[in-house]
2 protein chains.
Amino acid sequence: MAILVSSVDVAKLAGVSQATVSRVMNNPEKVNAETFTKVNAAIQELNYRPNAAARSLISRKSGIVALLCGPLEDPDNAEFSARSIAYAQEKGFITEIHIQDPTQPGTVFEAISRSQAEGILVGPITPVGTGIASLKNSGIPFVFCGADQHGEHRFVSLDNAASGKLAADYLNNLSHTVVGWVGGGRNESHHGTRYRGFLETAKSQGMKICSAAGAYSDFDGVLSAMMARKDRPTAIAAATDALAAQAIDFLIAYGYSIPEDMSVLGIGNSPQSAMNYLSLTTIGLPPDRDIFKEAVTELLALIHGDFPNHSFNERIEPELFIRNSSAPNQK
Amino acid sequence: MAILVSSVDVAKLAGVSQATVSRVMNNPEKVNAETFTKVNAAIQELNYRPNAAARSLISRKSGIVALLCGPLEDPDNAEFSARSIAYAQEKGFITEIHIQDPTQPGTVFEAISRSQAEGILVGPITPVGTGIASLKNSGIPFVFCGADQHGEHRFVSLDNAASGKLAADYLNNLSHTVVGWVGGGRNESHHGTRYRGFLETAKSQGMKICSAAGAYSDFDGVLSAMMARKDRPTAIAAATDALAAQAIDFLIAYGYSIPEDMSVLGIGNSPQSAMNYLSLTTIGLPPDRDIFKEAVTELLALIHGDFPNHSFNERIEPELFIRNSSAPNQK
DNA sequence: CTGTTAGCGCATTCAT
DNA sequence: ATGAATGCGCTAACAG
């Protein structure tokens, strides 16, 4: 923010009042043609740029929306921000990003509550009660997108519990009776919800579950422990496609063939999962649903004061995308 | 930005002057203990948050750095922003992102020049002369990271020309004489530089080059055209790992085995390339170099007014990472 | 059509 | 230690 020249400087050089400079910037039609060119010349000469802070101090609008999500190294977070930013920018908003530190999930809420943002888009995060309360108290409108929603807030998301159920049902249909789960240890709310949906259904069908509290950091150790068991699983379901991909990476390194030796199932239907070198069977949104666009649209409507009272609770039924990482149990 | 309550409101409730409220926020040690608690109580009660716009209007500091890069669907851009944002946030800065629309590469520079940002980090983009000039004129300090640098600006980047040369040399050593190139048609400056380095070296070694102006959108058509030739290549080099991965995806779909039928080589040494299901031979930075951290550090030093005159021109020698997507030519 | 005036919310003198 | 006054750069009445 290097403001070297103010509208007063321009006014002096152009020999007009500061208000006229302001008019040239905002209401050009309400100013005489020759003064307009005169002022514009001064603007060019001094390379004048209006101070955004002063503007928003008056208008109470910053033109900024805030994004809140986990580290962008996680492909789910990357996709969330990529898509949301694109839509917001399309609508004329600048986006500022706040990354939640998994080791201190609470701190980010303070900064975001103090920000100049006109609205907040909450992506996949580790929920913190006081943090959500802080958001609410800030008075800034917010919408959840992708993560599970806690409390009575607006949200749009894949039905995570149903996705877990679908994963269990699918593996059960393939006759897998001992199955692993990867991702249960992560704090993101939607991971847990997916796991609970999976666990519940799998248990009700008499399947045996090896759960692994897998973080990205110690993935190999976690999966080693799972596969070292005498009754090792014949299939692994993961909370996300990225975790499923990591599982495949591990299994290849340890000599397994996919899907002959092991079936692997993801959740998310990420672009990556469709690539032929991965070809991951996964569970995700119907292709015609774009939750990122829907979330941004809702948030901007809130910012503009439209439909302040209409409800926005979109929990979307998942679909199964069968590819080459899964097969019937051979044993 | 929903400011419901100002420092004046707090002052009234606490029975003090507005200046005292300000002191409580910024110089707590310079205020009596009991007035401090009294004011704090009022702050809590009214849920007061200082207005960031008013603050930066006075201090001329926004605590914001701007990022400029291409669409985050490109993994290179995603990595750039992921890493940069993390470092900036670590240092107490909020990051706002500006995405360059490849179809209108010039427009983004206007918005970014007007932003409140204290500094700009320029990532992989399509360079536009007037845009760069606009950045310079804004008076906001900026640093290039990853992309090729144009003019006498501060930058840190892989040596893109040398990377292209290294790619050609490596394929030549593997006895490939007819080789394809993917990515030459993209506008990002570093893609072009990689291509020129590749082309020059390949030609000097008598190799035959099939260049494909590949965009992400019509990738299949472009690669089909290349592989339909009678003298189809035995190896393909790509401007980025992501393009190389797409090439592999295509080749698998068309029945090729990697590397038996075709060698594929990327540039970037992305995290993805090391995964066993891809195992992409690639060219990238030495593992001990972190250009994102270096760029952010340099930018913050500029913002803080440190070393205003020291040079920052880091063009880094590439390394070769041999994995399983490449093999000697069998023909 | 243009100039004058009055704040937006806050930090910072200067008095007291 | 605290209050009154000033101004950051700008927009929005209000006069003329």
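**Figure 1. Crossing of helices α8 and α9 in chain A of a predicted model.** Helix α8(A) passes α9(A) in a right-handed crossing (right-handed: the near helix is turned clockwise from the far one by less than a right angle). The helices, residues 160-173 for α8 and 189-204 for α9, have axes that come within 7 Å and cross at roughly 40°. This angle makes α8(A) oblique to α9(A) (oblique: not under 35 degrees, over 145, or 65 to 115). Residues in contact (heavy atoms within 4.5 Å) include A:Gly164 and A:Ala168 of α8(A) and A:Gly197 and A:Thr201 of α9(A). By class, the contact has 6 nonpolar, 6 polar and 4 charged residues.

**Figure 2. Protein surface near DNA strand C.** Of the 26 residues around the strand, A:Thr20, A:Arg23, A:Arg60, B:Ser7 and B:Tyr48 come nearest (near: a heavy atom within 4 Å). Sugar and phosphate make up 58% of the strand atoms that come within 4 Å of the protein. This surface comprises 10 nonpolar, 10 polar and 6 charged residues. Its largest share, 5 residues, comes from α2(B).

**Figure 3. Polar contacts of chain B with DNA strand C.** A side-chain N or O atom of B:Gln18 is 3.1 Å from a base nitrogen. Phosphate oxygens of the strand lie 2.6 Å from a polar side-chain atom of B:Tyr48 and 3.0 Å from a backbone N or O atom of B:Asn51. Polar contacts are pairs of N or O atoms within 3.5 Å.

Residues are numbered from 1 along each chain as its sequence is written, and chains are lettered from A in the order in which they are written. Local features need pLDDT of at least 70, side-chain atom pairs count only at pLDDT 80 or more, totals for chains, interfaces and linings use all residues, and side-chain values use heavy atoms, without hydrogens and water.

Notes
Axes are lines fitted to C-alpha atoms, for helices over the stretch in contact, and angles run from 0 to 180 degrees between N-to-C directions. Helices (H or I, at least four residues) and strands (E, at least two) are DSSP runs, numbered from the N terminus. Ala, Val, Leu, Ile, Met, Phe, Trp, Tyr, Cys and Pro count as nonpolar, Asp, Glu, Lys and Arg as charged, and the others, Gly among them, as polar. A polar contact is a pair of N or O atoms within 3.5 Å; within protein, one must be able to donate a hydrogen and the other to accept it, and residues adjacent in sequence count only if both atoms are side-chain atoms.
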